[in-house]
Amino acid sequence: MSIDNASLPRVNTAKNHGLAACPHCHFVNKWDKEEESPKCHRCDGAIYSRKPDSYNRTLAYTITATIAYIPANLLPIMTIVYFGKGDPDTILSGVALLIKLGSYPIAAVIFLASFILPLSKLVALYVLVYSLKNKSRFSKKRLTTFYRFIEIFGRWSLLDVFVVALLVTLVEIGSVVEIIAGGGATAFGIMVVLSILAAESFDPRLIWDEEE
């Protein structure tokens, strides 16, 4: 559904008034865009109206995270040895095997945390980055909701790595089932770190900046 941004009231930002909050002590400073290296008047930390080079850094991290997402899903993330026998499994085949073994809650957690949420996060980042340089069919309010989604669920991005590490530690104690982490877990961890850096690099205030 197309949403009309023109229906929203004109946004009056601190940037329009020549103000910038210090990212270190949150003191609001007068900001002169002509000044080469502006400093906070209270803590002497570097201040900026918007995160420096936010667009390019977010795009670069998102692309590299997408590249890492491919081996994370193609390489074996773990091997479940059941009664002495087992084959390496990717994320999706591991989920299918866990379902076959009756471990429905663990299968659901891994499927959501390893496949659905990372993919959704990458798509949301691409939508946000695209909207900064192109006319988006989504309203600025909707785009801000996308960013909040990334912030909320990004905290749970390492849940899958934690689950695999926990399974390796706990299940290895048993003599019936053993779980061994695979190369896909490393690629997945790299993808998670890169996606976190992409989200941290993005400045959501850019969504509301008026076109110049």
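Helices (H or I, at least four residues) and strands (E, at least two) are DSSP runs, numbered from the N terminus. The model shown is predicted.

**Figure 1. Overview of the protein chain, with seven helices and five strands.**
Along the sequence the elements follow the order β-β-α-β-β-α-α-α-α-β-α-α. The chain has 212 residues, and 34% of them are buried. Among contacts between residues at least 6 apart in sequence, 61% join residues at least 24 apart. The accessible surface comes to about 12700 Å². Carbon and sulfur atoms account for 63% of that surface.

**Figure 2. Close-up of the cysteine pairs Cys22 with Cys43 and Cys25 with Cys40.**
The whole structure contains zero disulfides. A pair would need its sulfur atoms within 2.5 Å to count as a disulfide. For Cys22, the closest cysteine sulfur is that of Cys43, at 3.5 Å, which is too far for a bond. For Cys25, the closest is in Cys40, at 3.6 Å, again too far for a bond. Cys22 is buried, at a relative accessible area of 0%. Cys25 is partly exposed, at 21%.

**Figure 3. Close-up of two positive phi angles outside glycine, at His26 and Asp44.**
His26 has a positive phi of about 65°. His26 sits in the loop between E1 and strand E2 (28-30). This residue is exposed, with a relative accessibility of 62%. The phi of Asp44 is also positive, near 65°. Asp44 belongs to the loop between E2 and H1. At 54% relative accessibility, Asp44 counts as exposed.

**Figure 4. Close-up of Gly18, in the segment before strand E1 (19-21).**
Is Gly18 buried or exposed? Gly18 counts as buried, because its relative accessibility is 19% and the cut-off for buried is under 20%. Leaving out residues up to four places away in sequence, Gly18 touches Asn29, Lys30 and Trp31. Ser49 lies 31 residues from Gly18 along the chain. The C-alpha atoms of Gly18 and Ser49 are separated by 8.5 Å.

**Figure 5. Close-up of helix H1 (residues 54-74) and what covers it.**
H1 has 21 residues. From first C-alpha to last, H1 reaches 31 Å, close to the 30 Å expected at 1.5 Å a residue. Its buried residues are Ser54, Thr58, Thr62, Ala65, Ala68, Tyr69, Ala72 and Asn73. Seen down the axis of H1, these buried residues fall within an arc of 135°, so they line one face of the helix. Ile67 and Leu74 are exposed on the other side of H1. The cover over the buried residues of H1 includes helix H2 (91-100), helix H3 (104-133), helix H6 (183-201) and helix H7 (205-208).

**Figure 6. Close-up of the largest nonpolar core, with 20 residues.**
Which residues touch the most other members of this core? They are Met78, Leu98, Ile110, Phe188 and Met191. H1, strand E3 (78-82), H2, H3 and H6 each supply at least two residues. H6 gives the most, with six residues. A second, separate core has 11 residues, among them Leu125, Phe138, Ala199 and Phe202.

**Figure 7. Close-up of helix H6 and its buried residues.**
How many residues does H6 have? H6 has 19 residues and reaches 27 Å from its first C-alpha to its last, close to the 27 Å expected at 1.5 Å a residue. The buried residues of H6 are Gly184, Ala185, Ala187, Phe188, Gly189, Met191, Val192, Leu194, Ser195, Ala198, Ala199 and Ser201. Phe188 and Met191 also appear among the residues that touch the most other members of the largest nonpolar core. Ala199 is one of the residues of the second core.

**Figure 8. Close-up of Met78 and Gly94, which are in contact.**
Not counting residues up to four places away in sequence, Met78 touches Asp87, Pro88, Asp89, Gly94, Leu98, Ile110, Ile179, Ile180, Ala181 and Gly182. Leu98 and Ile110, like Met78, touch the most other members of the largest nonpolar core. Gly94 is part of helix H2. At 0% relative accessibility, Gly94 counts as buried. With the same sequence neighbours left out, Gly94 touches Met78 and Asp89. The C-alpha atoms of Gly94 and Thr79 are separated by 8.1 Å. Gly94 and Thr79 are 15 residues apart along the chain.

Terms used: Residues are numbered from 1 along each chain as its sequence is written. This is a predicted model: local features need pLDDT of at least 70, side-chain atom pairs count only at pLDDT 80 or more; totals for chains, interfaces and linings use all residues. Side-chain values use heavy atoms; hydrogens and water are left out. Buried means under 20% relative accessible area, exposed over 50%, partly exposed in between (1.4 Å probe, protein chains only). The expected span of a helix is 1.5 Å times one less than its number of residues. The arc is that of the directions from the helix axis to the C-beta atoms. Contact means heavy atoms within 4.5 Å. Accessible areas come from the Shrake-Rupley method with a 1.4 Å probe; for residues, only the protein chains shown count as cover. A nonpolar core is a set of buried Ala, Val, Leu, Ile, Met, Phe, Trp, Tyr and Cys residues joined through side-chain atoms within 4.5 Å.
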